[in-house]
Amino acid sequence: MSAPATTLQDIIAHAKEYGFVFPSSEIYDGLQAVYDYGQNGVELKNNLKNVWWKAMTQLHDNIVGVDAAIFMHPLTWKASGHIDGFNDPMIDNKDSKKRYRADQLLEGKAELLTNAGKEDEANALLAKMGKLLGDEDLEAVRELIISENIVCPVSGTLNWTEVRQFNLMFSTKIGSVADDSSTIYLRPETAQGIFVNFLNVQKSGRMKVPFGISQIGKAFRNEIVARQFIFRMREFEQMEMQFFVRPGTEMEWYNKWKETRLSFHKAIGLPAESLKYHDHDKLAHYANAAVDIEYKFPFGFREIEGIHSRTDFDLSNHQALSKKKQQYFDPSIDPETNKPYGNYIPYVVETSVGADRLFLATFCNAFTKEMVGEGDKQKERTYMKLHPALAPVKAAVLPLVKKDGLAELGQEIANSLKSSFRTVYDDGGAIGKRYTRQDLIGTPFCIAVDYETKDDNCVTIRHRDTMEQERVPISELKERIGKEVAVERILEAI
């Protein structure tokens, strides 16, 4: 029997010990909600970003990519609504002096109700919260927290302050003179870099609606309560695609992208039973439809990706504030009027996945403990059951011993494979321990070089998940392993 990790503590400990994720600036006691990716973590994260990028730009003829700057003209964030409306409801407990997000306190209560089999009560609570937040009735939100008997986890009291809105954008100064006119912001999302380049990409690429623009990049949010490891950070990475469509067709595309994105998560190895859709109770100011794809983390189902029908909100606001037209001329014929559709501001369907959250979901799902052996010889085995295309290291070459030319032969084999996929060479310690080291970082194939190799030019491949071993000619290694670890194996499954 094998199962994913059951606690977040398992995940955090393993991620640090085996070079996946470290607390940032740890020698100075760290910085809250900021993390660094270690030598294995950066490989896994880059592999996830690579497969997402190819799934968008390589599998679709009408989707291209950009890489927009983090700093943008401050009016960008006025047009997008972030300066006036990018807030979270904040509440403090007067006894513990701890600060919380009011909506997360209520969501936590709803989750407890759901776990207790009271799903109707949970849905009613979330619906009430959504209405109150939508109406900006913050006093009623505080009263709801008190009436639901939601106490501070630290003090255990209901001694709450009023609820206030807290803007999440980081601001800084640009130029040599620090005055109000020099204030700019670290972008809280990557989408606006796509919207302001809509016409640049459309005209230079001769793109025809419908088409999409993808981007991977850093974003920054001054979260009130950043917790649950890398699930909620102040500096994080987004993988977003904005798909521009003719008004009136947005729901068709919205539903199509819902299905496509769910297929992606299944293709990278996340099981169907750990994924679900969650329709938004409260729509963002720019959306006419929104759904989250949630993954079942050790701390419950949480969002890893959002699919939103953003209407023409962004392009219309940028057109109004910049005084630059953001229209597209559509020469295709409207069957109702038998005339060209003509000029319009496209509607947008957005897919937005957090690279760090996808990393965490993949990591949690891969972390596996199982009992191996029989009877008194049973022991627990821990390994990372990553899709071979995502694994930080694809193959490890392990000579049985360092002497008698096996080490040199092993190095020669490793060097011959390195140009095709990430390969490491390891001759330190007993071979059983070396197998375990590779299991713990998720290496799918270990290649053992033994005395027979010198005679038959064959090696033994040990498969991570089954621990089965097979004898393979050295000449076939590159093709056989290369096929298994190729990104195409994921792309074919989407």
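Hi everyone. Let me start with a definition: two strands count as paired if DSSP finds at least two bridges between them. Keep that in mind as we look at this model, which is a predicted one.

With that cut-off, take strand 5, residues 87-92, and strand 7: four bridges join them, so they count as a pair, and they run antiparallel. If you'd like one bridge to find on screen, go to N87, whose partner in strand 7 is N167.

Now let's step back to the sheet around that pair. It is an open sheet of three strands, ordered 6-5-7, with antiparallel pairing. Which strands stand at the edges? Those are strand 6, at 99-101, and strand 7, at 164-167. Each has a single partner strand, so one side of each is left without a neighbour in the sheet. From one strand to the next, the twist averages 45°.

Next, helix 1, residues 8-17. Its buried residues are L8, I11, H14 and A15. Why do these sit on the same side of helix 1? Because the arc they cover around the axis is only 135°. As a reminder, an α-helix has 3.6 residues a turn, so residues three or four places apart point the same way.

And what do those buried residues pack against? Quite a list, my friends: strand 2 (21-23), helix 12 (355-366), strand 18 (367-372), strand 19 (379-384) and helix 14 (431-441). On the face turned away from the buried side, helix 1 carries the exposed residues Q9 and E17.

One last stop: after helix 1 comes G19, with a positive phi, near 75°. Thanks, everybody!

Terms used
Residues are numbered from 1 along each chain as its sequence is written. This is a predicted model: local features need pLDDT of at least 70, side-chain atom pairs count only at pLDDT 80 or more; totals for chains, interfaces and linings use all residues. Side-chain values use heavy atoms; hydrogens and water are left out. Helices (H or I, at least four residues) and strands (E, at least two) are DSSP runs, numbered from the N terminus. Axes are lines fitted to C-alpha atoms, for helices over the stretch in contact, and angles run from 0 to 180 degrees between N-to-C directions. Buried means under 20% relative accessible area, exposed over 50%, partly exposed in between (1.4 Å probe, protein chains only). The arc is that of the directions from the helix axis to the C-beta atoms. Contact means heavy atoms within 4.5 Å.
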